[in-house]
Amino acid sequence: MPVLQPTHHPADEHLLDYAAGAASEGLALLLATHLTLCPECRRKAAAMEQLGGTLIEELPPAAIAADARERCLALLDAPEPAAESRSAVTAVTNPVSAAPLLPRALRDRVGGDIDTLRWSPVLRGVDQALLVEGPGGARTRLMRIRAGHAVPQHTHRGTEFVCVLAGGFSDLSGHFGRGDVAVSDESVDHQPTADADGDCICLAVTEAPVRLTGRFWRLLNPFVRF
Amino acid sequence: MLVRKVASDRDRAAFARLFDALMPRVKAYVLRLGADDASAEEVAQEVMLLMWRKADSFDPARAAVTTWIFTIARNKRIDLLRRERRPAVDPDDPALLPDAPPAADQLVEQANSEERLRTAMRGLPPEQARLIAMAFFEDRSHSAIAAATNLPLGTVKSRIRLAIERLRRSIPD
């Protein structure tokens, strides 16, 4: 079965945020997800990282401690610290199949593939699994929209990024399948609807809670943290 | 290839030469991002140790040494100073959608691309070069750049896109 490349991509400025290291943790997770599934954007991001390399090369060298090299050489044989850093890979508890649904960056975060997740219901036909909470109500989560269900009509208080992992959804701007990224800001008022033939699973990063705009759902805004 | 010697022979002399060339620049990079001297020295030293430990993951067909070091330094700084995890793409991930392998002539071109990229960067209009530098050296996303410069967000986006387009045209795909 031929694997289709994504057709909806993040913009250059988002890839630059990622490559320069200025993207928020949630957005970096979403972009690493898209990049795993998109050779075209991977080439772009690699070129931007190459730019980072040349920029470092052009910096005037900083003064370093006189014994810095000696100290560093002495540390080469030190045993590698067990938990080397916060970036260290989370133990993957569930076995991962030969063709995992979640890219590595997400598997490391949830401790396995999609079957590891514990979903909690948000609204009828919509479940979520929260991954990262940032400042100002920013949230990164996996969402599952049941086949044929629609997410209630909503607009955004900040920018919302969505990357599809399984199935697909449609809204006014088109159809989105695996690897596709949808970017929506305050001006976008939409009602994404999952394809009829299967659940849609996607990674969503929102800078602030979304605002429900449908006639009925609007009344729920004070109660539903969606 | 110094990194190759470090990887395959665990060559300390080769490592020391890489250290001398790269440590002051990695430290300068972390300082530019606002770290104090002691933190910058610590981050840079960690980057050097990772260069030793991960030398076998360096693939010269994929990136230049400075590009590889930049990504390690970027991730280490986020990790140690911003106290966040840095999600990355794993080139060996079974979920990865592979790219078509580069043609042989592209690989040759890749070797000269560093110099061409540098030249293209110098040739950028100052207002574009400034935004690129802010992204890399001030830890500002494009929307934070818009806020800091009082430029409309649309202007920041279009300048970044123009700059990236121009830089991309200078190097092989």
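A salt bridge joins A:Glu57 to B:Arg118 in this predicted model, and the closest N and O atoms of that pair lie 3.0 Å apart. The pair belongs to a wider set, for across the interface of chain A and chain B the rule finds ten salt bridges. Counted as polar contacts, with both residues at pLDDT 80 or more, the two chains share 26 residue pairs.

On the side of chain A that touches chain B, the elements that give two or more residues are helix H1 (12–20), helix H2 (25–37), helix H3 (39–58), helix H4 (68–75) and helix H5 (104–110), each of chain A. Of these, H3(A) gives the most, with 16 residues. Sorted by class, that side of chain A has 40 nonpolar residues, together with twelve polar and 21 charged ones.

The extent of the contact can be given for both partners: chain A contributes 73 residues and chain B contributes 68 residues. Between the two chains an area of about 6700 Å² is buried, and carbon and sulfur atoms give 59% of that area.

Turning from the interface to chain A as a whole, the reader will find five helices and eleven strands. The chain has 226 residues, of which buried residues make up 54%. The accessible surface of chain A comes to about 10100 Å², and 55% of this surface belongs to carbon and sulfur atoms. When contacts in chain A are taken between residues at least 6 apart in sequence, 65% of them join residues at least 24 apart.

One residue, A:Cys202, lets the reader look at chain A in more detail. A:Cys202 is found in strand S10 of chain A, which covers residues 200–206. Its relative accessible area is 4%, and because the cut-off for a buried residue is under 20%, A:Cys202 counts as buried. What surrounds A:Cys202, once its neighbours within four places in sequence are left aside? A:Cys202 is then in contact with A:Arg141, A:Leu142 and A:Met143, and also with A:Val162, A:Cys163, A:Val164 and A:Leu165. One of these partners is a second cysteine, A:Cys163, and although A:Cys202 and A:Cys163 are 39 residues apart in sequence, their C-alpha atoms are 5.5 Å apart in space.

Technical notes: Residues numbered from 1 in each chain as written. Chains lettered and ligands numbered in written order. Predicted model: local features only at pLDDT ≥ 70, side-chain atom pairs only at ≥ 80, totals over all residues. Heavy atoms only, no water. Contact = heavy atoms within 4.5 Å. Buried area = accessible area lost by both parts, 1.4 Å probe. Salt bridge = Lys/Arg side-chain N within 4 Å of Asp/Glu carboxyl O. Polar contact = N/O pair within 3.5 Å; in protein donor to acceptor, adjacent residues only side chain to side chain. Helix = DSSP H or I, 4+ residues; strand = E, 2+ residues; numbered from the N terminus. Nonpolar A, V, L, I, M, F, W, Y, C, P; charged D, E, K, R; others polar. Buried < 20%, exposed > 50% of the residue type's maximum accessible area, 1.4 Å probe, protein only. Areas by Shrake-Rupley, 256 points an atom, 1.4 Å probe, with all protein chains shown as cover.
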